[in-house]
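Q: I'd like a close look at a single part of this protein, taken slowly and with its surroundings included. Could you walk me through one residue and then widen the view?

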Amino acid sequence: MSQSYNRGLVEDFGRWREFSAGMWAWIFHKFTGWVLVGYLFTHIAVLSTALTGPEAYTSTIQALEMQPIVRILEVGLLAVAVFHILNGIRLLFVDLGVGLGAQDKSFYASLVLTGAIVVASIPTFVAGAF
């Protein structure tokens, strides 16, 4: 015998307000993971220019570093990677049973720490681009 559950309307965007910190942590972790997978393919494409010779690789890297949008995207990549790492460490501790009662606080702490690291790194990433 099967049961039917009323899961609400698909268009019910008000449900986003009901999400807890744990759900947002899960969504952000999945999103950052997919962004990192996408970046991996871009990274491989840039590295593959080295197969044609060191001059091609060097010119590709120099051309990319001169574009301000690439520097901004690097800051975004840093934010994605740092959050994914910190949230992964948080999840490791949760799986080990450490901090089960403070999952929301540790999620917010990972967000704040990610923000602090990214803001502190911005001058390094955009130096010479503007």
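Let's start with His29: is it buried or exposed, and why?

A: Happy to take this one step by step, keeping in mind that this is a predicted model. His29 is buried, because its relative accessible area is 17% and the cut-off for buried is under 20%.

Now for its place in the chain. His29 is found in helix H1, which runs over 21-47. Leaving out residues up to four places away in sequence, His29 touches Phe83, His84, Asn87, Gly88 and Leu91. Two of these partners, Phe83 and Asn87, are themselves among the buried residues of H3.

His29 has company within its own helix. In H1, Ala21, Ala25, Thr32 and Gly33 are buried along with His29. An α-helix has 3.6 residues a turn, so residues three or four places apart point the same way. The cover over the buried residues of H1 includes H3 and H4. As for the form of H1, its 27 residues should span 39 Å at 1.5 Å a residue, and its end C-alpha atoms are 38 Å apart, which agrees.

Next, the helix on the other side of those contacts. H3 covers 68-95, and its 28 residues should span 40 Å at 1.5 Å a residue; the end C-alpha atoms are 40 Å apart, so the two values agree. The buried residues of H3 include Val70, Arg71, Val75, Leu78 and Val80, and also Val82, Arg90 and Val94. They pack against H1, H2 and helix H4, the last of these running over 103-126. After H3 comes Gly97, with a positive phi near 90 degrees.

H1 and H3 also meet in the story of the largest pocket. About 430 Å³ of space lies in it, and 14 residues line it, with Tyr39, Thr42, Leu64, Val70 and Glu74 lying nearest its centre. H1, H2 (54-65) and H3 each supply at least two residues of this lining, and the largest share, 6 residues, comes from H1. By type, the lining divides into 10 nonpolar, 2 polar and 2 charged residues. Val70 is worth a second glance, as it lies among the residues nearest the pocket centre and is also one of the buried residues of H3.

Two spots outside the helices are useful for comparison. Thr49 sits in the loop between H1 and H2. Setting aside neighbours within four places in sequence, Thr49 is in contact with Ala56, Tyr57 and Thr60, and its C-alpha atom is separated by 9.5 Å from that of Ile61, 12 residues apart along the chain. Gly128 lies in the segment after H4. Whereas His29 is buried, Gly128 is exposed, because its relative accessible area is 77% and exposed means over 50%. The C-alpha atoms of Gly128 and Pro68 are separated by 9.2 Å, although the two are 60 residues apart along the chain.

Finally, the whole chain as a backdrop. It has 4 helices and 0 strands, in the order α-α-α-α from the N terminus. Of its 130 residues, 18% count as buried, and His29 is one of the buried residues in H1. Among contacts between residues at least 6 apart in sequence, 70% join residues at least 24 apart. The accessible surface comes to about 9,600 Å², with 70% of it belonging to carbon and sulfur atoms.

Notes
Residues are numbered from 1 along each chain as its sequence is written. This is a predicted model: local features need pLDDT of at least 70, side-chain atom pairs count only at pLDDT 80 or more; totals for chains, interfaces and linings use all residues. Side-chain values use heavy atoms; hydrogens and water are left out. On a 1 Å grid over the protein atoms alone, a cavity is a set of points where a 1.4 Å probe fits but cannot get out, and a pocket is an open set with protein on both sides within 12 Å along at least five of seven lines; lining residues have an atom within 4 Å of a point. Grid points are joined across faces, edges and corners, and a volume is the space filled by probe spheres set on the points. Ala, Val, Leu, Ile, Met, Phe, Trp, Tyr, Cys and Pro count as nonpolar, Asp, Glu, Lys and Arg as charged, and the others, Gly among them, as polar. Buried means under 20% relative accessible area, exposed over 50%, partly exposed in between (1.4 Å probe, protein chains only). Contact means heavy atoms within 4.5 Å. Accessible areas come from the Shrake-Rupley method with a 1.4 Å probe; for residues, only the protein chains shown count as cover. The expected span of a helix is 1.5 Å times one less than its number of residues.
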